[in-house]
Amino acid sequence: MTSVEVEDLLRRLAPRVLAVLVRRHGQFDACEDAVQEALLAAAMQWPAEGVPAEPAGWLVTVAGRRLTDQWRSESARRRRETTLAVQQPYHELLTPDPADELDRHVDDTLTLLFLCCHPEVSAPSQLALTLRAVGGLTTEQIARAFLVPESTMAQRISRAKQKIKEAGATFAMPAGPERTERLAVVLHVLYLIFNEGYTATSGPDLQRVELTAEAMRLTREVRRLLPATDPAAGEVAGLLALMLLTDARRATRATPDGALVPLAEQDRGRWDAELIKEGTELVEQTMATAPLGPYQLQAAIAAVHAEAPSTEATDWRQVLVLYEILDRMTPNPMVTLNRAIATAEVHGPRAGLDLLGTLAGDKRIAGHHRLDAVRGHLLELAGDRAAAHEHYRRAARHTVSLPERRYLEQRAERLK
Amino acid sequence: MKFLLIMQVNPAVLEALTDAERESIGNGHAEFMRLTQESGEFIGTQALADPANTLTVRGTGSVPAVTDGPYLEAKEYMGGFYLVDCESRERAVELAKQIPDTAFGGLAIEVRPVMFSAGFEM
C-alpha cells in the first residue's frame, strides 16, 4: 500500500478505534491522544512493513498500550495501584458480535462527532477537534490547513478536550430535541470546515490538506450513518448537495494568479458536470420528501445557477422565490443582500436598491463590505456610475480578504 | 481570523508609572500570554525597541533617503504587538481588553485584522 492509501485507510479507521477505547475507558482526552500516537506509528510503519491483517485491531492494541503505559507511569508517580483490567486483548473489543458491530460503529462515529462539536467548545476548537478525532488528521496537517503554528493548533485541541471534560460530557448519543440541536451544530461545523477550505485566502501551499474534500467526506459519512427517518436527514443531504454544487465551480472561481472571478464571468463549460449532477439530483430528491430547511434552500439556489448556461439565462424568478423563503425561514441581512441581487434581476435594479434600504440601521451588517459591494453592483446596473464607483471603493477598503479587495478595486476602476 | 493587537504606547505615560504599576503590567503580559497560549489563540508577540533607535528609509522618487527617527513624529508609537488567531472580531476585542495596558489612561491597543500572512512558522 502507498502512503496515500495508508493515510486514507487510517482516516477511515480513526473514529472507530477511538470509539472502542473511549467506550472502554471513558477518558476521551487521554484516549484521543493515544489514538493519535497510534495513527502516527501506523503512518510510519505500514507503508514500509505492510498493513497488518487486522489494521483496526492493530491500532486499538497499540493505542491501548500507550494508554496503559501512560497510566502506569502516572500511578507509579503517585504511588497508586493501577486498577486496569488488561486481561482481555484490546482488539477483541472491536468484534464483540458481528451482528451489532455495524450498528455500534454507526453510533460511535456520530457520537464522536457530537462530542467534538460540544456547545461548550468554541467554534475554532470544534473544527480542529473534529478534524483530528473524527477526520483522523494530524495536528500538523490541521495547523497547515488553518495557517497557524502547530503549537497553537495543538493547544487549541487540548483546550477543546479539557472543556469537554469540564462539561462532564459522556460518550453517549444525545436524545430527543437535544440530539436535533446538537446535530445542527455538527452540520454548522462541517459547513465551516468546507468554507475555510473554499475561501482560503493565503498563498498556495502544496502540503495543505483539502479542507473542502474533508468536509464533504465527513458530511457523506454523517449522511450514511444517520437513519433516513431522522428529522434532520433532509438538512444533512441539503448540506452535502450545497457542498457538491459549490465545489463544482471551484476551478473557475479564481484566475491562476488568485484573482476572484464572479459568478457572472465564470467559464461555465469548466464547471464539474458530475458534481453538479450528483448535487442537483440529491437536492431535488430531498426537497420532494424531507421537511424544508436552510441548507436545502441554499443548495437549490446553487442548483439553479449550476443548470443555467449564463447569468442572463438564469431562472432568476426561481432564485428569488427561494431567497424569499430562506429569508423568512432564517431572517438574516446576508440573505437579504442576496435577495436584493435576485430582486434586481427580476424587477430591476431600483427594486433591489429599495430592498437594500431596509437594511439601513441594521447593526449586524452596518459597515460590512458586502453591503457596499452589492449596492455598488446595483447602482452600476442602474447606470449610476459615480455612486457605484464610490461604493465599490468603500467595499474594497472594508474587506479583509486580499483577492476580494483586488476584485472590488478592479470593479471600481472600470467605472472611473 | 488573525488579528494584530498593536500596543500603542505613550512614553510620558510609561515614565510616570510607579514600580508597582510597571510590575503589574509585566505580570499582566505574562498572564495574557499564558491564557492565549492555553486557549490556542496565540501565534506570536514582539516588543519593539524605543523609537530613538528607529531609522526611516523614505521613498523620494529616485534614491531612497535614510533619516534618523520614526516616519511620523508623534506622542504615541507602536511599542509591540500580539498576533492572535481567534473566532471573531468581538473575541479579538475581548482579548485586547485583557492586555494590562488597557488599565492605564494614555495607553491603547489597536485591533487590526490580518489580510495575508506568509513566512511565520505555520
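User: What does it take for two residues to be in contact?

Analyst: Two residues are in contact if their C-beta atoms, placed from the backbone, lie within 7 Å. By that rule, 16 residues of chain B are in contact with 19 residues of chain A. This is a predicted model: local features need pLDDT of at least 70, side-chain atom pairs count only at pLDDT 80 or more, and totals for chains, interfaces and linings use all residues. Residues are numbered from 1 along each chain as its sequence is written, while chains are lettered from A and ligands numbered from 1 in the order in which they are written.

User: Which elements of chain B supply at least two residues of the side that touches chain A?

Analyst: Helices (H or I, at least four residues) and strands (E, at least two) are DSSP runs, numbered from the N terminus. Here, helix H2 (19-38) and strand E2 (42-47) of chain B each do so.

User: How is chain A divided into domains?

Analyst: Domain bounds come from an automatic or database domain assignment. Chain A has domain 1 (1-94) and domain 2 (102-226). Between them, 16 residues of domain 1 are in contact with 16 of domain 2. On the domain 1 side, H1(A) gives the most, with nine residues.

User: What is a nonpolar core?

Analyst: A set of buried Ala, Val, Leu, Ile, Met, Phe, Trp, Tyr and Cys residues joined through C-beta atoms within 7 Å. Buried means 20 or more other C-beta atoms within 10 Å of a residue's own, again placed from the backbone. The largest core has 126 residues; Ala63(A) and Val84(B) are among those touching the most other members. H1(A) gives the most to this core, with 10 residues.

Key: A residue is buried if 20 or more other C-beta atoms lie within 10 Å of its own, exposed if 12 or fewer, and partly exposed in between; C-beta atoms are placed from the backbone.
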